[in-house]
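Visitor: Please pick one part of this structure and take me through it up close. After that, show me a few other spots to compare with it.

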Amino acid sequence: MKIKVFFAVAFCKCVRFLAKLLGRGSSLPGQLTLKLFPDILKYIKMPSKVIAVTGSNGKTSTLEMIAHVLKVAGLRVAYNKEGSNQIEGVTTFLLSDCTLSGKIKSDIVIMESDERFARHTFKHFKPNHLIITNLYRDQLTRNGHPEWVYDVIAECMDDSMELILNADDPLVSKFGKDRDKVRYFGADKLSIDEEENTSVYNDGKYCPCCKAPMEYDYYHYNHIGSYHCTSCGHKRNDTVWTITDASLKEGYIVVNGKYKITLSFSSIYHCYNTLAAFAAADIAGVDPEVAAKALSGYDLRSGRIVEFTLGDKQGTLLVSKHENSISYDQSIRVARADKRECSVVVMVDAISRKYQTYETSWLWDIDFELLKSDNIKEVLLVGRYASDLATRFSFTDIDKEIIKTFEDIPESVEYLRKCGKDYIYVITCFSDKEKFLTLADSRR
Amino acid sequence: MKAKILYLYYDIMNLYGESGNIRMMERVLESKGAQVETDRKTVTDTDIDFTQYDFIYCGAGTEHSRNTCLEHLRGFASTLKEAFESGVVMLFTGNSYEMLGDTLTTADGTEHKGIGLFDFAVKEQGKNRYSGDVTLRCNLCEEQFIGYINKCSEVQGIKTPLFQVNCVAGTVKEQEDGIHEKNFFGTQVIGPVTVKNPAFGEYIADLVIKNLN
């Protein structure tokens with residue numbers, strides 16, 4: 001067995017070295033290693049702490065922040081920093097961190113796992129703690145729907161694992177039902193909360209356990225909030241890690257009443273990701289003071305928010321996710337909250353960079369109505385799906401005069417360069433963002 | 001000329017942007033001169049009379065939600081049958097029409113009795129989604145029908161399918177899709193199908209208008 005581990009680790013490291021030279025991705029070494037040694041992860045000696053993150057949104061950002069805090073606290077951390085979150089990428093980063101006898105060198109392993117692939121990744125080893133951020137309508141073309149994903153994630157769990165769940169998401173917190181090893185994080189009632197859900201749909205309207213109607217005391221956004229089922233008793237659980245105060249305007253959150261963390265980017269989902277990172281740091285034994293300080297003002301490197309210039313115009317590209325209406329709703333709220341006169345670009349050119357689909361139903365789940373706002377002076381619908389967007393927008397109350405349609409991306413950029421308003425927001429996906437940014441003069 | 005629309009299970013069978021169908025049908029019917037009034041009914045309602053409506057629409061939901069709706073719909077089966085027999089125009093997309101057959105067997109093996117409008121049998125499994133972009137043909141419109149299927153079931157025993165499957169990019173196996181009897185149109189295609197297929201939307205709207213006259 002030792003020989004097998006030796007060869008697997010050596011093989012993976014060699015392929016990784018060559019792959020890096022050739023500029024190949026971080027999945028390939030793991031993929032080839034798994035072909036030769038399919039159960040190799042069973043034989044890797046993990047450190048005493050292994051923390052995994054899964055869910056629809058926020059995995060990469062949360063993981064990056066956890067890694068940052070742990071490093072600041074002086075721990076050696078192994079993690080999938082390139083975001084390859086299926087079993088191949090996980091195998092690559094784990095074996096790269098191993099001694100030739102198969103022992104992880106770092107003090108702690110943290111990883112994000114694709115929600116659909118957790119059952120494969122965690123077949124041969126289990127994380128001690130599994131953080132689940134949220135379950136939204138996301139990439140339904142390959143995911144089916146959130147309840148389907150719930151069942152798929154459940155397949156990776158066993159009683160040894162402690163679940164760290166978002167208490168404010170009714171479907172996520174269902175994982176904690178009748179379970180001993182579970183703790184929750186979430187937000188108390190905040191000044192930004194709403195009593196009504198004004199989104200296009202409400203996935204919290206019916207209980208995920210029994211489908212009886214649920215009641216909400218308040219919504220933080222979409223179906224995230226404080227809820228209880230009118231029939232089976234499923235409800236928001238008490239939280240160990242809690243946002244007790246927050247201001248998106250001033251850009252901070254307060255955790256557990258005493259740890260103030262300033263935010264480099266003011267959005268409610270960033271608050272949750274930061275909280276989840278704080279919880280993970282606590283689990284890893286980092287002093288909360290140190291964690292709060294390390295998280296304060298932390299700028300995400302994963303490029304979800306990119307500032308750019310176009311001639312004398314400035315703007316921000318908000319990386320959203322196609323096929324994920326909540327991520328769009330969140331980006332729209334950011335643009336809406338800006339006081340300057342804004343041009344807003346909604347760009348859909350390729351639905352996915354990973355697979356081919358032409359499915360556009362998700363456009364009807366996005367609350368584009370929110371772009372009707374005094375600060376938003378024009379809306380540009382851009383890319384191959386500009387006509388689909390235009391049809392969707394024809395069903396909103398947004399003044400038709402301010403909507404412009406560009407199938408050609410460079411044409412829209414030229415227009416913005418000449419006629420853009422004081423500030424530009426671009427709302428689009430990973431798959432499309434470079435098509436815009438390569439035409440910008442600078443980016444940060 | 002007044003057209004009454006029912007958006008059935010609007011808040012629970014709306015998984016893939018299906019509200020777009022209601023908005024589109026309202027717009028098309030209005031453009032044809034109808035004054036449109038839309039009712040929304042759901043699983044907590046106790047007073048549904050399907051015979052009151054000129055157009056009834058229901059969209060797709062999770063399997064669990066669909067089962068909940070099936071139990072609720074059972075209480076109103078007789079007026080639904082009456083409306084169907086009298087030629088009320090109905091469009092059911094995604095897995096919603098699966099409620100209306102003879103039996104529905106879920107992934108855990110439970111057999112639910114269907115509403116019995118039709119005599120097909122539905123069998124679900126919990127391992128794979130059958131999904132993909134599709135193009136379909138029917139003899140109601142000249143244009144190809146486009147859309148996306150996202151399901152985990154197989155339907156047996158449909159004698160009058162709505163569509164012939166033309167092309168699939170994905171894991172959908174069937175050669176035929178949906179069901180068409182009287183003025184009932186059921187398809188496994190999800191989402192705002194009348195937006196993506198304006199000619200089909202027009203055809204449905206014309207049937208509604210014909211009934212009104």
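Guide: We'll start with one helix of chain A, then visit other places in both chains. This is a predicted model, in which local features need pLDDT of at least 70 and side-chain atom pairs count only at pLDDT 80 or more, while totals for chains, interfaces and linings use all residues. Residues are numbered from 1 along each chain as its sequence is written, and chains are lettered from A and ligands numbered from 1 in the order in which they are written.

Our helix is α4 of chain A, residues 87-96. Helices here are DSSP runs of H or I with at least four residues, strands are runs of E with at least two, and both are numbered from the N terminus. In α4(A), 9 of the 10 residues are buried, so the helix is largely enclosed by the rest of the structure. Buried means that 20 or more other C-beta atoms, placed from the backbone, lie within 10 Å of a residue's own; 12 or fewer makes it exposed, and in between it's partly exposed. Among the buried ones are Ile87(A), Glu88(A), Phe93(A) and Leu95(A). What do the buried residues of α4(A) pack against? They meet α1 (2-21), α2 (28-36), β2 (77-78), β3 (108-112) and α5 (118-121) of chain A.

One of those partners, helix α2 of chain A, holds Gln31(A). Gln31(A) is partly exposed, with 18 other C-beta atoms within 10 Å. Its C-alpha atom is separated by 39 Å from that of Tyr201(A), 170 residues apart along the chain.

Now hop to Pro208(A), in the loop between β6 (182-187) and β7 (214-221) of chain A. With 25 C-beta neighbours inside 10 Å, Pro208(A) counts as buried. Leaving aside neighbours within four places in sequence, Pro208(A) is in contact (C-beta atoms, placed from the backbone, within 7 Å) with Glu147(A), Pro170(A), Leu171(A) and Lys174(A).

Where chain A touches chain B, the contact takes 24 residues from chain A and 25 residues from chain B. On the chain A side, α6 (140-143) and α7 (146-154) are the elements that give two or more residues.

Over in chain B, compare helix α5, residues 198-212. Its buried residues are Phe200(B), Gly201(B), Ile204(B), Ala205(B) and Val208(B). Seen down the axis of α5(B), they fall within an arc of 135° (taken from the directions from the axis to the C-beta atoms), so they line one face of the helix.

Technical notes
Contact = placed C-beta atoms within 7 Å. Expected span 1.5 Å × (residues − 1).
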